[in-house]
Amino acid sequence: MKFRVLGCYGGNVPEHGMTSFLLNGSVCLDAGWVSGALSLREQVKVKDVIISHSHLDHTCSLPFLIDNNFSAPGFTLSIYAIPEVIASMKNHLFNNHTWPDFTCLPNDLTPVLKLIEVPEEQPFRVNGLSVRPVRVSHIVPTTGFIVEDKAGAVAYSSDTAPTERFWELVNRTKNLKAVITETSFPNELQDLANVSGHLTPQTLDMELRKLKRDVPVYLYGCKPRHLALIRRQVRGLKRRKLSFLTQGKTYRF
Ligand SMILES: [Zn+2]
């Protein structure tokens, strides 16, 4: 699987885009920085977007991805998420106030945007990928995803505090190539991490004890203000096969 990191931060300052990944050139996994990272020519090839939760650092480029490409011949976009996340996007994003409701534009019969509800834990197919949503422990309804193609599987936790079910299913995934999880705050901000449903290096360390598979683990989601400190604390864990995702890099899993 070609896994291109469009953005991998939990906030936005120059050179630091928010969470979004491009899989095999056409499927986006979260959309915090799609229009910020891809040229128009690349954006128009994105047909499917899988969304983990409604927070802006995972969704805020969706309105511009659609707006930028609305008049491109044949452009349509399907967004897949669990029902609570779809409801949130209908009510708070594509609601004709924050942004137009593109699910009825240019008309009801052939809209440019489809919002597609997917059930938890049941794999669905998107452009050659099998995608399984798994509930995690964030402050809004959130799923991670286990994404698989013929070459292998990648498990992405999305934003989460300590959680259980995700690791159970990850440990059972055949052909697992990598795990991607978050570290948003440094240890000094553990209270803030707890109330906002995120990990710090010390809670990450406990989470990784639940992982029974010998695969590389990549981190995303650092708040830019705390990047250097988080990096130092993660290095201090002295775990092998643990590193940070690099923005702009394409991994092959
Ligand atoms: Zn979040």
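Which residue in β11 is the bridge partner of V154? Keep that in mind while you get set up.

This is a predicted model, where local features need pLDDT of at least 70, side-chain atom pairs count only at pLDDT 80 or more, and totals for chains, interfaces and linings use all residues. Residues are numbered from 1 along each chain as its sequence is written, and side-chain values use heavy atoms, with hydrogens and water left out.

**Stop 1: a sheet of seven strands**

Helices (H or I, at least four residues) and strands (E, at least two) are DSSP runs, numbered from the N terminus. Select β7 to β13: these seven strands make an open sheet in the order β7-β8-β9-β10-β11-β12-β13, and the pairing is mixed. (Two strands pair if DSSP finds at least two bridges between them.) At the edges you'll find β7 (124-126) and β13 (242-244), each pairing on one side only. From one strand to the next, the twist averages 25°; axes are lines fitted to C-alpha atoms, for helices over the stretch in contact, and angles run from 0 to 180 degrees between N-to-C directions.

**Stop 2: strand β10**

Now pick residues 152-156, which are β10, and residues 176-182, which are β11; the two run parallel and are joined by four bridges. Here's the answer to the opening question: V154 has A178 as its bridge partner in β11. A153 has a bridge partner in β11 too, namely L176.

Swing round to β9, which runs antiparallel to β10 and is joined to it by five bridges. β9 and β10 form a hairpin, with two residues between them. V147 has V154 as its bridge partner in β10.

How many of the five residues of β10 are buried? Five of the five, where buried means under 20% relative accessible area, exposed over 50%, and partly exposed in between (1.4 Å probe, protein chains only). Look at one side of β10 for G152, V154 and Y156, and at the other for A153 and A155. In a regular strand the side chains alternate between the two faces of the sheet.

**Stop 3: V131 in β8**

Click on V131, which lies in strand β8. Its relative accessibility is 0%, so V131 counts as buried. Show its contacts (heavy atoms within 4.5 Å): leaving out residues up to four places away in sequence, V131 touches I50, Q122, P123, F124, F145, I146 and V147. Try a distance as well: the C-alpha atoms of V131 and A155 are separated by 9.7 Å, and the two residues are 24 apart along the chain.

**Stop 4: helix α4**

Next, select residues 62-69, helix α4, where L62, P63, L65, I66 and N69 are buried. Why are they on the same side of α4? Around the axis they cover an arc of only 165°, which puts them on that one side; the arc is that of the directions from the helix axis to the C-beta atoms. An α-helix has 3.6 residues a turn, so residues three or four places apart point the same way.

Turn on β3, β4, β5 (77-81) and β6 to see what α4 lies across; the helix runs at about 165° to β5. Then add helix α5 (residues 83-92), which packs on the sheet and touches β5 and β6, its direction making about 130° with that of β5.

**Stop 5: the zinc ion**

Find the zinc ion and show its protein donors: H53 (NE2), H55 (ND1), H138 (NE2) and D159 (OD), lying 2.1 to 2.4 Å from it. Donors are N, O and S atoms within 2.8 Å of the metal (3.2 Å for Na, K and Ca); water is not among the atoms, so sites may look incomplete. The four donor atoms make angles of 92 to 164°, and the site is irregular. Four donors count as tetrahedral if all angles lie between 85 and 135 degrees; four count as square planar and six as octahedral if opposite donors are over 155 degrees apart and all others between 65 and 115; anything else is irregular.

H53 sits in the loop between β4 (48-50) and α3 (56-59), and D159 in the loop between β10 and α6, so this pair ties together parts that are 106 residues apart in sequence. Both H53 and D159 are buried.

**Last stop: G36**

Finish at G36, in helix α1 (residues 34-37). With 46% relative accessibility, G36 counts as partly exposed. The C-alpha atoms of G36 and G7 are separated by 8.8 Å, with their places 29 residues apart along the chain counted as the spacing.
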